[in-house]
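Colleague: Could you take me through this model and show me what lies behind the terms you use?

Modeller: Gladly; ask away once it is on screen.

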Amino acid sequence: NANPSSMFDEGWLKRVYEEKPVKEVRTRFPPEPNGYLHIGHAKAIAVNFGFAKHYNGICFLRFDDTNPEKEEEAYFTSIREIVAWLGFKPHQITHSSDHFDRLYELAEELIRRDKAYVCHCTKEEVNLQRGGPDNRGKRFGCAHRDRPIEESITEFRNMRDGKYAAGEAHLRMKQSLTDPNEGNPQMWDLAAYRVTKNKEHARTGNKWKIYPTYDFTHCLCDSFEDISHSLCTTEFFLSRTSYDWLLEVLDIKKPKSDEKGPMQREYGRLNVAGTILSKRRIQQLVQGHSVKDPNDPEKTIKTIPPAVRGWDDPRLFTLVALRRRGIPAPALLSFVSELGVTDALTNIQIVRFEAAIRKYLERTVPRLMLVLDPILVVIEDLPEDYEEVLTVPFDPKKPDGDSRKVPISRKIYIDRADFREEDDPNFFRLAPGKTVGLLNAPFLIKATSFEKDENGKVTTIKATKVPTEAEKPKAFIHWVDGASGIDVVARQYNTLFLSDEPNTLDWKEGGYADNFNPNSEVSYKEAKVEKALGDLMSKHKEHGMDKEKASDDLVRFQAVRTAYFCVDLEKEDGKVVLNQIVTLKEDKAK
Ligand code: ATP
Ligand code: MG
Ligand code: MG
């Protein structure tokens, strides 16, 4: 079922709605602005925005900006753009930091209710209290846990006023740490606030010296925004208990009831196998990596240069990269929708992703002829000034649909792969003495001779025209007119790594660099495409594409017998650059 709303009509999402069948559905997509979104986030966006849309509700885009050390303006911008590219419009863009004052007030209130305390233990001490490294030891509270409420209030204000350095004090929730029967680590006195100094926050500047944690912030911001269904991924399953606990102790929610306040539910993540999605690892690929001597962290023992051109390099699976590669947003959304939503992890192979994209492109984009590795063919029996302009439909299955003009003259280009110097009975394309069909052309050609350069590379084929009635060729090949064709650079992409499981490579000591696929990008710098690409580009139009849904104006096409391509944002040496979106058929070659 390709209907993008299908994932809401039945199954997990429908059951989640029925658990809390409110009139006004309110959801949020809450990224941390600490990196670029990846393909997995497309699912989170589709789930949250889609769920709200399906029930005529609203969805917020909330930046969970509680960690100024990791946040940058570029991430905010990119996330906003990607949500818009996917075709969603947030009801409102909010920030956890919009609520810092209110969160602070509630933290004091929590202390007053004897449900939080300022603690000065080190990380190691806290770990020990929580049962040691394997969480199996006896748990116990520290001396700060029982300090008077007034003292915690004073110390919390001291934290706020900058009297403590990072790590010297933190606010902890007084949950069930000391209850030997409480098996959920999310209830073992989690941190609510920590000290972060000397780091300017993108929105609140230097106002705050303390920042709230995810566990304290998320459920409260959900309640401030009246979120009805707070949908997140399954690694937060145990956090549901602490989420409800905090709302309950502040009387925002009633125990064991979802009637009042937000309700958290967890769905399975989307993972694409054979790629790298971890921010830290993509960063290594983008920026390069220097491996340090384990005995001397000052000393670099290996320097690995960047493996890709940037976060939007089409070989990556960040959403900016998929967009640049030419994956249409509606195709990505229907892929996510067809996978459906449950509470299990969805682990998808790249080939399956590409098959879904191909299926979409197949019925939406025009066809053009592109020659990757051209050889000049001179059709010697045509006059020097011969030119004929053919009218060819963009989609051969729709002969009455939109069409383009395809000139043909005495000189054309064909692909090197379609020519052999010596004929062979099993070879059906062009060879000396052999006739081949030219797609869309009014005649066939027969090769008579060819010329080579000093390196033995064929430079020119001489041919004669053969009337279509004269012979029935065994194959038709694509070609580009010599006089009117456009010079382009065409880039084909393959997997970045040779291994099918790049996540299992050695990322610490740099062993991953030995596994780079030398052919992850193959660039054809002399490629030629028919003139109609220029017309498509100037019209910024995609044949047959539903403009309501497509939220970018990239020019995509099927290069017949070759692959799907998209016009890149940048030129190379003044030439248009084409990115291969996907191959025409599933192919296993690396
Ligand atoms: P990562 O660590 O992979 O960058 P994250 O959890 O840090 O992801 P957030 O910025 O917190 O990313 O993500 C915002 C929302 O997207 C969260 O609700 C999170 O659960 C969801 N999300 C993140 N990764 C995936 C995924 N692979 N599949 C589905 N949803 C995801
Ligand atoms: Mg996160
Ligand atoms: Mg993130």
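Colleague: Let's start with the setting. What kind of model is this, and how many helices and strands does the protein chain have?

Modeller: This is a predicted model. The protein chain has 14 helices and 29 strands, and its C-alpha trace spans about 100 × 60 × 40 Å along the principal axes. Of its 590 residues, 54% are buried. The accessible surface of the chain comes to about 27,200 Å², with 47% of that belonging to carbon and sulfur atoms. Among contacts between residues at least 6 apart in sequence, 71% join residues at least 24 apart.

Colleague: Thanks! Now to helix α2. Which of its residues are buried, and how do you know whether they line one face?

Modeller: Helix α2 covers residues 12-19, and Trp12, Leu13, Val16 and Tyr17 are the buried ones. Looking down the axis of α2, these buried residues fall within an arc of 140 degrees, so they line one face of the helix. The general rule helps here: with 3.6 residues a turn, an α-helix has residues three or four places apart pointing the same way.

Colleague: What does that buried set pack against?

Modeller: The buried residues of α2 pack against α1 (6-9), α3 (39-54), β8 (229-233) and β9 (263-267).

Colleague: Lys14 lies in helix α2 too. Why is Lys14 called partly exposed?

Modeller: Buried needs a relative accessible area under 20% and exposed needs one over 50%. Lys14 has 32%, which lies in between, so Lys14 is partly exposed. Leaving out residues up to four places away in sequence, Lys14 touches Phe8, Asp9 and Tyr55. Lys14 and Phe51 are 37 residues apart in sequence, while their C-alpha atoms are 9.1 Å apart in space.

Colleague: On to strand β3, where Thr94 lies. What makes Thr94 count as buried?

Modeller: The relative accessibility of Thr94 is 3%, and the cut-off for buried is under 20%, so Thr94 counts as buried. Not counting neighbours within four places in sequence, Thr94 is in contact with Phe60, Leu61, Arg62, Phe63 and Glu225.

Colleague: How do you know that the Thr94 and Glu225 side chains make a polar contact?

Modeller: A polar contact takes a pair of N or O atoms within 3.5 Å, one able to donate a hydrogen and the other to accept it. The side chains of Thr94 and Glu225 make such a contact at 2.7 Å.

Colleague: And His95, also placed in β3 (residues 92-95): why does His95 count as buried?

Modeller: His95 has 6% relative accessibility; that is under 20%, so His95 counts as buried. Its side chain makes a polar contact with the side chain of Arg203 at 3.3 Å, again within the 3.5 Å limit. Beyond its neighbours within four places in sequence, His95 is in contact with Arg62, Phe63, Asp65, Phe76 and Arg203.

Colleague: Now the ligand. Which residues are closest to ligand 1, and what polar atoms lie by its own N and O atoms?

Modeller: Ligand 1 is surrounded by 13 residues, with Glu32, His38, Thr233, Leu270 and Lys279 the closest. A backbone N or O atom of Glu32 lies 2.9 Å from an oxygen atom of the ligand. A polar side-chain atom of Lys279 is 3.0 Å from a ligand oxygen atom, and one of Arg269 is 3.2 Å from a ligand nitrogen atom. On its own, ligand 1 has 590 Å² of accessible area, and the protein covers 86% of it.

Colleague: What classes of residue make up the shell around ligand 1?

Modeller: The shell has 6 nonpolar, 4 polar and 3 charged residues. Its largest share, 3 residues, comes from α3.

Colleague: Which residues of helix α10 are buried, and what follows that helix?

Modeller: In α10 (residues 279-287), the buried residues are Arg281, Ile282, Gln284, Leu285 and Val286. They pack against β11 (289-293). Gly288 follows α10, with a positive phi near 85 degrees.

Colleague: One last residue: Val488 in strand β25 (residues 486-493). Why is Val488 called buried?

Modeller: Its relative accessible area is 0%, and buried means under 20%, so Val488 is buried. Among the residues that Val488 touches, beyond those up to four places away in sequence, are Leu370, Tyr524, Lys575 and Leu578. Val488 and Arg145 are 343 residues apart in sequence and 69 Å apart in space, C-alpha to C-alpha.

Terms used. Residues numbered from 1 in each chain as written. Chains lettered and ligands numbered in written order. Predicted model: local features only at pLDDT ≥ 70, side-chain atom pairs only at ≥ 80, totals over all residues. Heavy atoms only, no water. Buried < 20%, exposed > 50% of the residue type's maximum accessible area, 1.4 Å probe, protein only. Helix = DSSP H or I, 4+ residues; strand = E, 2+ residues; numbered from the N terminus. Arc of directions from axis to C-beta. Contact = heavy atoms within 4.5 Å. Near = heavy atom within 4 Å. Areas by Shrake-Rupley, 256 points an atom, 1.4 Å probe, with all protein chains shown as cover. Nonpolar A, V, L, I, M, F, W, Y, C, P; charged D, E, K, R; others polar.
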